[in-house]
Amino acid sequence: MDSSPLNHLPEETIHQIFFQLPLRQIAACKCVCKALNSALSSPSFRHLLSTQHTSLSLLALKPSDRHISPFPNLHAFDPALSQWLRFSLSFLPFSSLHPITSSDGLLYLWAARPPSRNSNTAHVRNSSQKSLVVCNPLIGQFKILPQLGSAWSRHGSVLAGSGNTVLLLTELAILYYSESNGVNGAVNSGGVSCNWLKFTSNLPSKPRSPVMVSDSILALCDVGSPWRSQWAIYKTKITDMEKKKHWVRVEKRQWGDIFGILKRPRLVKAMNDKKVHMVGGLKSSFALHSSCTTILILRLDLESLEWEEVGRMPVEMYRCFMESSKFKVFGGGNKVCFSAKRVGKLVLWEETEEGKAEWRWIEGLSGHGDGLCRGFVYEARLDAVP
């Protein structure tokens, strides 16, 4: 590379050359040599990319708690090229990493603190003390968010939004973080940094599959009895969290038994901020233990509160899920992904720009013992800085 003609070009010219490439090829070029990595990671090149809003929409997998690799990587599937990608997380100085969500090109993960020289390595490895870290694997930069108590990493659902906004949601409380909340990092009596604002939640039950849609949070809650589940959608605005009772049940009399026909429903973000998907098994009847005939994807318009069916898993695909006692759903935008125990591959539902729905298998799944995968949409970007 020392004799390469690129070394004799001004950096601005190099930026203009590589600016014409797709993000996939830019990311690949960063791995060629240190000189290109430095040029394509510079603030001026990232600013140039930001004018084009270049991103790469991927389906990232969360590592299984039982199969965390000693070689930290983020495994993601590129639907456009139908291939698996691997992003190294070795630049993060932590002993174990667990990616959980993404927003605006940034990756959020729970990470264990690195062991000190005087500490027992086995003790640190088994410690439950975790830090919430935000990073960009494409440029190798990260930031540690203010410290939280260990219980939040075990029981809180992490939601990330624009402007480095982060929320941790449980049945009883919500933690809200943004860089404008504070600057000193002091910790209050509840073990929460002053950069985190704490609000009462008081949901009727543990929130299931919460999602952040624009300036609101939506979650499913079980409002039924110990013998029979009955699901309902609850919604709150971030600006209303200071109110004592800020959760509002989203409902409409014309819905009828919309929740009664779905088994194990889940919410998934839609492409439009004014809509949300709900996914679940389509019951064959309203009986308590009725079997399912397929998996259904519904879409709710949050303004008109009208439902529409946008996807129904093909019978030949669903046969593989019928033998599994549990399946997982993840995705966002125009993609919803499904996994199940002992299936060994994923199913992807994707809505095209023309509004047509396509179903397909994702092969090549590895490193997830029983095949039950969790994940999230990762919009990879080179211009996102923690």
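This report describes the strands, sheets, cores and salt bridges of one predicted protein model.

Residues are numbered from 1 along each chain as its sequence is written, and side-chain values use heavy atoms, with hydrogens and water left out. Because the model is predicted, local features need pLDDT of at least 70 and side-chain atom pairs count only at pLDDT 80 or more, while totals for chains, interfaces and linings use all residues.

## The chain as a whole

The chain has 7 helices and 24 strands. Helices (H or I, at least four residues) and strands (E, at least two) are DSSP runs, numbered from the N terminus. Of its 386 residues, 48% count as buried; buried means under 20% relative accessible area, exposed over 50%, and partly exposed in between (1.4 Å probe, protein chains only). The chain exposes about 19800 Å², and carbon and sulfur atoms supply 49% of that area. Accessible areas come from the Shrake-Rupley method with a 1.4 Å probe, and for residues only the protein chains shown count as cover. Among contacts between residues at least 6 apart in sequence, 51% join residues at least 24 apart, where contact means heavy atoms within 4.5 Å.

## The sheet with β1 and β24

One open sheet of 4 strands has the order β3-β2-β1-β24, with antiparallel pairing. Two strands pair if DSSP finds at least two bridges between them. At the edges stand β3 (83–88) and β24 (374–380); each has a single partner strand, so one side of each is left without a neighbour in the sheet. Direction ignored, neighbouring strands of this sheet are turned by 35° against each other on average. Such angles are taken between axes, which are lines fitted to C-alpha atoms (for helices over the stretch in contact); angles run from 0 to 180 degrees between N-to-C directions. Within the sheet, β2 (residues 73–78) and β3 pair over 6 bridges in the antiparallel sense, and L74 stands opposite F87 in β3.

## Nonpolar cores

L74 also appears in the largest nonpolar core, which has 34 residues; F45, L74, L92, L109 and Y378 touch the most other members. A nonpolar core is a set of buried Ala, Val, Leu, Ile, Met, Phe, Trp, Tyr and Cys residues joined through side-chain atoms within 4.5 Å. Leaving aside residues up to four places away in sequence, L92 touches L97, L109, V133, C135 and F142. Another core lies apart from the largest one and has 21 residues, among them V211, V213, L262 and W307.

## Strand β14 and its partners

Strand β14 (residues 231–237) is mostly covered, with 5 of its 7 residues buried. On β14, strand β13 (residues 216–222) is joined by 7 bridges, and the two run antiparallel. In this pair L220 stands opposite I233. Strand β15 (residues 248–250) also pairs with β14, over 3 bridges in the antiparallel sense; here R249 is the bridge partner of Y234.

## The sheet β20 to β23 and helix α7

A further open sheet of 4 strands has the order β20-β21-β22-β23, again with antiparallel pairing. Its edge strands, β20 (327–332) and β23 (357–362), each pair on one side only. The twist averages 20° from one strand to the next. Strand β22 (residues 346–351) pairs with β23 over 6 bridges in the antiparallel sense, and A357 in β23 is the bridge partner of E351. Helix α7 (residues 315–322) lies across β20, β21 (335–340), β22 and β23, and runs at about 45° to β23.

## Salt bridges

Side chains of opposite charge can pair when their charged atoms come close. A search of the whole structure finds 11 salt bridges, each being a side-chain nitrogen of Lys or Arg within 4 Å of a carboxyl oxygen of Asp or Glu. The table gives three of the pairs.

| Pair | N to O distance |
|---|---|
| K243 and D240 | 3.6 Å |
| R312 and E309 | 2.9 Å |
| E350 and K335 | 3.9 Å |

E350 lies in strand β22 and K335 in strand β21, so this pair ties together parts that are 15 residues apart in sequence. E350 counts as buried at 18% relative accessibility, and K335 is buried at 8%. Salt bridges that share partners also join R299, E308 and E351 into one network.

In the other two pairs, D240 is partly exposed at 22% relative accessibility. R312 is partly exposed with a relative accessible area of 41%, and E309 is partly exposed at 42%.
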